Amino acid sequence: MAKDKDKPVLTVKQKKFADLYIELGNATEAAIKAGYSEKTAKAMGYENLTKPYIKQYIDEIMVQKDKEAIASQDEILSYLTAVMRGNKREQTLIGIGMGEQRVTEIDVGSKDRIKAAELLGKRYGMWTDKLDVTGAMVVNIVDDVDDLEDDDEDDDE
């Protein structure tokens, strides 16, 4: 294993294992496809996953994949705003006769624009029946159970 300024660098086989593990989600299968023997694949897969620098590489790649695949809050808010403002178009089919259709683009409908506005409004808490009350509050607990028992005894007399 080569080192660059005390940071371990993955070997070609380790990198291949890590990439295959990300794809397959199975350490043994990834080890076999990366070139480890079938006899030792399970142990090597486990061992590779316990090495911090391999785990770090896998985590970094997964974070990057998540960023690419999952919409961020800003992206969602931008999209909803564009829909609400009528800056987005959608595809639909229209009949052109003889049972044939073609794809055409139309403005987003008013129902979709209203829904986008509603979702944005909810995000910013513009119309909520619930009140968000926060702050410090003093709670006093009074132990007056004995006093009640004494009152009950007085009533019996």
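Tutor: Contact here means heavy atoms within 4.5 Å. With that in hand, we can read this model, which is a predicted one.

Student: Good place to start. What share of the contacts in the protein chain with a separation of 6 or more comes from residues 24 or more positions apart?

Tutor: That share is 36%.

Student: And how many helices and strands does the protein chain have, and in what order do they run?

Tutor: There are 7 helices and 4 strands. Starting at the N terminus, the order is β-β-α-α-α-α-α-β-β-α-α.

Student: How much of the protein chain is buried?

Tutor: Buried means under 20% relative accessible area. By that cut-off, buried residues are 17% of the 157 residues in the protein chain.

Student: Let's turn to a pair of helices. At what angle do helix 2 and helix 3 pack?

Tutor: The angle is about 105°, and the axes of helix 2 (residues 27-34) and helix 3 (residues 41-50) are 8 Å apart. Angles of 65 to 115 degrees count as roughly perpendicular, so helix 2 is roughly perpendicular to helix 3.

Student: Which residues meet there?

Tutor: From helix 2 come A27, T28, A31 and I32, and from helix 3 come A41, K42, G45 and L49. Sorted by class, this contact has 5 nonpolar, 2 polar and 1 charged residues.

Student: I32 is on that list. Is I32 buried or exposed, or something in between?

Tutor: Partly exposed is the label for I32, because its relative accessible area is 34% and the class lies between the cut-offs of 20% and 50%. This helix 2 residue is in contact with E38 and A41, once neighbours within four places in sequence are left aside. Its C-alpha is 9.3 Å from that of M44, which is 12 residues away in sequence.

Student: Which residues of helix 2 are buried, then?

Tutor: A27, A30, A31 and A34 are the buried ones. Around the axis they span an arc of only 100°, so they sit on the same side of helix 2. Helix 1 and helix 3 are among what covers them.

Student: How should I read the two ends of helix 2?

Tutor: Take the N-terminal end to begin with. N26 caps it, with a side-chain oxygen 3.0 Å from the backbone nitrogen of T28. After helix 2 comes G35, which has a positive phi near 115°.

Student: Where else can I find a positive phi, this time in a residue that is not a glycine?

Tutor: Look at M98, where phi is about 60°. M98 belongs to the loop between strand 3 (89-97) and strand 4. It counts as exposed because its relative accessibility is 83%, and exposed means over 50%.

Student: Strand 4 follows that loop. What does V103 touch there?

Tutor: V103, in strand 4 (residues 100-107), touches Q91, T92 and L93, with residues up to four places away in sequence not counted. The C-alpha atoms of V103 and L93 are 4.6 Å apart, although 10 residues separate them along the chain. V103 is exposed, at 51% relative accessible area.

Student: Could we go through a polar residue too? Is Q14 buried or exposed?

Tutor: Q14 is buried, since its relative accessible area is 7%. You will find Q14 in helix 1 (residues 12-24). Its side chain reaches the backbone nitrogen of T11 at 3.0 Å.

Student: Which residues does Q14 touch beyond those up to four places away in sequence?

Tutor: Q14 touches V9, Y36, N48, K51, Y53 and I54. N48 falls within helix 3 (residues 41-50), while Y53 and I54 fall within helix 4 (residues 52-69).

Student: How far is helix 4 residue K55 from A18, C-alpha to C-alpha?

Tutor: That distance is 8.2 Å, for two residues 37 apart in sequence. K55 itself is partly exposed, with a relative accessible area of 39%.

Student: One last pair: what separates the C-alpha atoms of S78 and L120?

Tutor: They are 9.9 Å apart in space and 42 residues apart along the chain. S78 lies in helix 5 (residues 73-84) and is partly exposed, at 49% relative accessible area.

Notes
Residues numbered from 1 in each chain as written. Predicted model: local features only at pLDDT ≥ 70, side-chain atom pairs only at ≥ 80, totals over all residues. Heavy atoms only, no water. Axes fitted to C-alpha atoms, helices over the stretch in contact; angles between N-to-C directions. Parallel < 35°, antiparallel > 145°, perpendicular 65-115°, else oblique. Nonpolar A, V, L, I, M, F, W, Y, C, P; charged D, E, K, R; others polar. Buried < 20%, exposed > 50% of the residue type's maximum accessible area, 1.4 Å probe, protein only. Polar contact = N/O pair within 3.5 Å; in protein donor to acceptor, adjacent residues only side chain to side chain. Arc of directions from axis to C-beta.
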